Amino acid sequence: MSRILSTLLAAASLLAAGSAAADSTLLNVSYDPTRELYQDFNAAFAKHWKAKTGETVTIKQSHGGAGKQARAVIDGLEADVVTLALAYDIDAIASKAKLLPADWQKRLPHNASPYTSTIVFLVRKGNPKGIKDWADLVKPGVAVITPNPKTSGGARWNYLAAWGYALRQPGGSDAKAKDFVAKLFANVPVLDSGARGSTTTFVERGLGDVLLAWENEAYLAVKELGPDKFEIVTPPLSILAEPPVSVVDKVVDKRGTRKLAEAYLQYLYTPEGQEIAARHYYRPIDKAIGAKYAKQFAGAKLFTIDEVFGGWQKAQKAHFEDGGVFDQIYQAK
Amino acid sequence: MAATVSLHVPSVGIAVRSAATTEPAWVRRTLIGLALAFLTLFLFVPLATVFYEALKKGVDVYLNALIEPDALSAIKLTLIAAGIAVPANLVFGVAAAWAIAKFEFRGKSLLITLIDLPCAGSPVIAGLIYVLIFGAQGWCGPWLQAHDVKIVFAVPGIVLATIFVTFPFVARELIPLMQAQGSDEEEAAIVLGASGWQTLWRVTLPNVKWGLLYGVILCNARAMGEFGAVSVVSGHIRGMTNTLPLHVEILYNEYAFAAAFAVASILALLALVTLAAKTFVEWHYGHERQAAKQESSA
């Protein structure tokens, strides 16, 4: 019994201690691969804010598959800012929970995307299967690792990049693209729910010949887990991924954190913020910083989702809704 | 009453069994060897791996992983969740077992079924239920938001989910024991003029104290180790709503393997302590059960 009592007492004292610290805090709900980026960025912003206003700010992070994270915000996770993998997920928060206006993407420069990325291939050292371009992924005997487009933002970019590639081949059509993507997914042995899960599957568990990944995620994996084990292949044609950011209006107005949250996102666009993004292998939109880091980003030709698919709303409806093209090809398998 | 319950007392008849064994020695040895190999492969090796991986990069890395603020906050939250869930289920478990074992009433089998419900369903569903009820889009969501009460994606949700999944442990342990003991002693106490409370404190509880402790230990182990249900209601905010098991997952996903195993080793240590406590209690508990058995058969 005394053990229970002491546990209770400990719990009570911890509770009391927890509620005492009430400084200004922000919650940034983000997607999977930004963990390291925001760890650095939050520290830099806290320093900047302290110097500018004298206030101490603590930024809390939550990470997961972008679709899952958007769902949590809709269900009441009180995010001051969302920094997700694609615009559609923030659109869902706007349309399903009405936490921010529908035109949120117009409020910050560059489609509210302070950094961009693209989809590349991570292969095992020496590239034993000779993977150079998208066409190599559908060859028999090539095992491709990608997360599930239903839950992962990165996976949706992967899917759309493959589709866009097939569409832009000589004689390309929707039917041919569908066929190509179906063949590609027939080569996928495991669908993880988030980008980080897929990276772990490929890198740690050693499954698959090629991982379709965010450029930044691929570089990070190589850096963290061994440049002697993996190589990055940037295909000549890929998609321009724009992971957007936004303040969640209802939450910041309720918590009185609007000024802080807006300053936080704007700081992403400053040279300091851009430099941090570039250091974490996100493509900066600032020209000067971009030039400085130019050699770490291979010069692939990038198409946008607006050019090929007419925006996220259309792409989502046609491809990823229940009964959409992805369901058709994945079930047909 | 007691006759309707079958009790599984393990120690009866060991002497008889050895005489009745006719298998040759090599069969017995092979079976024992197989069992041991299986245990080694699936229990001891993973357990040793946890500690090996945790300490691989040195004691400094190990300790730093444990005193890092997010880890401390995860430990704190796990203690809070268990600190609330275990006493809550202790009170509920005793009350339910007492009602079920000592009284006859309508809907008794329904109550027993309900107690088992958390064991029958997947923990993920348990978590989802709370999101559907208390989430912003759920039944109580708008009211809760209007009154600024946070349940899911905050500490109360984690506590609720923990209580739900650990619900059956205490009650399930006590019901068979109390049923075997019957209500003779309670009846005697009442006849001698004891009040209901006095009967509970002086007769019923002392009779089941080891069984109760056993249930509490199991309940605590599950409360601290729960992943699925808690993951759904957590929101994964670092330093705020991550419990130990969730923190392990985060560290692992961030390529901080040594740190992940360091935190996992706390959970493994907890398991070992639980095991030791369980063995100790079982030893006493066996006596309690046997006493109940002898009494009921006498």
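Me: What does the accessible surface of chain A come to, and what share of it belongs to carbon and sulfur atoms?

Reply: In this predicted model, the accessible surface of chain A comes to about 13500 Å², and 56% of that area belongs to carbon and sulfur atoms. For chain B the corresponding area is about 15800 Å², with 71% belonging to carbon and sulfur atoms.

Me: How do you know whether the radius of gyration of chain A agrees with that of a compact globule?

Reply: A compact globule with 333 residues would have a radius of gyration near 20 Å, and chain A has 21 Å, which is why the two are said to agree. Along the principal axes, the C-alpha trace of chain A spans about 65 × 55 × 40 Å, while the C-alpha atoms of chain B fill a box of roughly 65 × 60 × 30 Å.

Me: Which secondary structure elements make up chain A, and how many helices and strands has chain B?

Reply: Chain A comes to 15 helices and eleven strands. In chain B there are 14 helices and zero strands, and from the N terminus on every element in the order is therefore written as α.

Me: What share of the residues in chain A is buried, and how much of chain B counts as buried?

Reply: With buried taken as under 20% relative accessible area, 58% of the 333 residues in chain A fall into that class, and 42% of the 298 residues of chain B do. Turning to contacts with a separation of 6 or more, residues 24 or more positions apart account for 75% of them in chain A and for 75% in chain B.

Me: Why is Ser62(A) called buried or exposed, and what does Ser62(A) contact?

Reply: The relative accessible area of Ser62(A) is 0%, which is under the 20% limit, so this residue is called buried. Ser62(A) lies in strand β2 (residues 57–64) of chain A. Leaving aside neighbours within four places in sequence, the contacts of Ser62(A) include Leu27(A), Asn28(A) and Val29(A), and also Gly235(B), His236(B) and Ile237(B) from chain B.

Me: What makes Gly154(A) count as buried or exposed, and which residues does Gly154(A) touch?

Reply: Gly154(A) has 6% relative accessibility, and because this value is under 20%, the residue counts as buried. Gly154(A) belongs to helix α5 (residues 153–167) of chain A and, not counting residues up to four places away in sequence, touches Ala85(A), Ile119(A) and Trp214(A). The C-alpha atom of Gly154(A) is separated by 8.9 Å from that of Leu212(A), although the two residues are 58 residues apart along the chain.

Me: Why is Val94(B) placed among the buried or the exposed residues?

Reply: At 11% relative accessibility, Val94(B) is under the 20% limit and therefore counts as buried. Val94(B) is found in helix α4 (residues 69–102) of chain B, and its contacts beyond four places in sequence are Val170(B), Leu174(B), Leu205(B) and Leu212(B). Between the C-alpha atoms of Val94(B) and Arg172(B), which are 78 residues apart along the chain, the separation is 9.9 Å.

Me: How do you know whether Cys219(B) is in a disulfide?

Reply: The rule asks for cysteine sulfur atoms within 2.5 Å, and over all chains the count comes to zero disulfides. For Cys219(B) the nearest cysteine sulfur, that of Cys119(B), is 11 Å away, and the 2.5 Å rule is therefore not met. Cys219(B) is also buried, because its relative accessibility is 0%, whereas Cys140(B), at 29%, falls between the limits of 20% and 50% and so counts as partly exposed.

Me: What makes the phi of Ala112(A) worth pointing out?

Reply: Most residues other than glycine have a negative phi. Ala112(A), which is not a glycine, has a positive phi near 60°; the residue sits in the loop between α4 (87–97) and β4 (115–124) of chain A and, with 0% relative accessibility, counts as buried. In chain B, Asp148(B) likewise has a positive phi, of about 55°, and lies in the loop between α7 (141–146) and α8 (155–166).

Me: How many positive and negative side chains has chain A, and how far apart do the centres of the two sets lie?

Reply: Chain A has 41 positive and 35 negative side chains, with the two centres 1 Å apart. In chain B, the mean positions of 18 positive and 19 negative charges are 4 Å apart.

Definitions and conventions: Residues numbered from 1 in each chain as written. Chains lettered and ligands numbered in written order. Predicted model: local features only at pLDDT ≥ 70, side-chain atom pairs only at ≥ 80, totals over all residues. Heavy atoms only, no water. Helix = DSSP H or I, 4+ residues; strand = E, 2+ residues; numbered from the N terminus. Rg over C-alpha atoms; globule rule 2.2 N^0.38 Å. Buried < 20%, exposed > 50% of the residue type's maximum accessible area, 1.4 Å probe, protein only. Contact = heavy atoms within 4.5 Å. Areas by Shrake-Rupley, 256 points an atom, 1.4 Å probe, with all protein chains shown as cover. Lys, Arg positive; Asp, Glu negative; His and termini not counted. Charge placed at Lys NZ, Arg CZ, Asp CG, Glu CD.
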